Amino acid sequence: MFARMTDNLTTLLLLLRSLLFGIGLVLSISVVASLVVLSFPLPFTRRYRISQYWTRFAIWWLRMTCRIQYQLSGVEHIPDQPVVVMSKHQSTWETLFLHQYLPPVAWVIKRELLWLPFFGWAIALLRPIAINREMGASAVKQVIRQGTQYLQQGQWVVIFPEGTRVAPGVRQRYGMGGAALAARSGCPILPVALNSGEFWPRGQFLKRPGTVHVVFGPLIASEGLSPQALNQQVENWIESEMARISAVPVQSAD
């Protein structure tokens with residue numbers, strides 16, 4: 001009985017902490033999204049900096065309320081040139097973290113996000129690559145076309161090769177968009193492994209305290225390699241790192 005009471009108290013505390021974080025996140029989104037929209041006459045770098053203030057606040061607020069911290073490895077691999085970032089995607093956490101930690105990036109997102117009032121309008125002003133996932137090969141061509149343009153302008157491109165958030169321990173097929181963009185543009189790939197889903201799971205309101213491990217891998221050069229070969233290198237490195245840092249055994253979702 002005592003153990004049950006302890007478990008209930010722990011769950012209640014997690015609920016209250018998660019609720020406090022959610023309230024702060026929603027309130028801050030409404031303020032910052034409005035500021036980004038109102039800043040549309042300003043240069044892109046100014047608009048982007050405003051959005052970074054919000055993601056930095058969100059990461060800090062998450063640490064204060066839900067006690068989710070992070071630990072970085074491989075930061076010496078982060079270059080001072082535009083790259084294609086291909087990252088594991090388990091949670092909303094990495095969208096906040098990578099946005100505030102890296103130089104200005106273009107996110108490959110589903111176009112439906114742009115339809116959201118204020119929030120979607122703010123995202124549109126940050127120059128994402130908004131695709132229709134149902135378009136298949138046409139969507140990949142859009143990623144290559146727009147991504148190459150942004151890379152040439154000095155804006156990094158972030159792609160989640162599995163296409164969606166996956167639960168800890170799950171491994172899905174890696175899409176070709178990021179590798180094809182790197183091969184076409186000649187830019188290297190920066191692979192990223194992380195285990196955020198163990199603390200902020202997809203589709204769950206409760207967030208559990210812990211430390212997210214983020215590992216930046218050595219740059220993978222794209223010159224002379226096919227998209228298929230590049231994609232395989234990225235997948236091999238990310239999944240081997242996931243097996244090392246994750247508490248959950250990896251299994252295929254196919």
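User: Does E162 count as buried or exposed, and at what relative accessibility?

Analyst: The model is predicted, with local features requiring pLDDT of at least 70 and side-chain atom pairs pLDDT 80 or more, while totals for chains, interfaces and linings use all residues. Residues are numbered from 1 along each chain as its sequence is written, and side-chain values use heavy atoms, leaving out hydrogens and water. A residue is called buried under 20% relative accessible area, exposed over 50% and partly exposed in between, with a 1.4 Å probe and protein chains only. E162 counts as buried because its relative accessibility is 8%.

User: Where is E162 found, and which side chain does a polar contact join to that of E162?

Analyst: Helices (H or I, at least four residues) and strands (E, at least two) are DSSP runs, numbered from the N terminus. E162 sits in the loop between β5 (156-159) and β6 (170-171). A polar contact is a pair of N or O atoms within 3.5 Å; within protein, one must be able to donate a hydrogen and the other to accept it, and residues adjacent in sequence count only if both atoms are side-chain atoms. For E162, such a contact of 3.1 Å joins its side chain to that of K88.

User: Which residues is E162 in contact with, leaving aside neighbours within four places in sequence?

Analyst: Contact means heavy atoms within 4.5 Å. By that criterion E162 is in contact with K88, H89, V170, R171, Q172, R173, Y174 and E239, once its neighbours within four places in sequence are left aside.

User: How should S222 be read: where is its place, and is it buried or exposed?

Analyst: S222 belongs to the loop between β8 (210-216) and α7 (227-245), and S222 counts as buried because its relative accessibility is 2%. Its side chain reaches the backbone oxygen of A182 at 3.1 Å, and a polar atom of that side chain lies 3.3 Å from the backbone oxygen of G186. Not counting residues up to four places away in sequence, S222 touches A182, A183, G186, C187, P188 and L230.

User: What radius of gyration does the whole chain have, and how many helices and strands?

Analyst: The radius of gyration is taken over C-alpha atoms, and the globule rule is 2.2 Å times the number of residues to the power 0.38. The chain has 19 Å, which agrees with the value near 18 Å for a compact globule of 254 residues. Its secondary structure comes to 7 helices and 9 strands, and buried residues make up 49% of the 254 residues.
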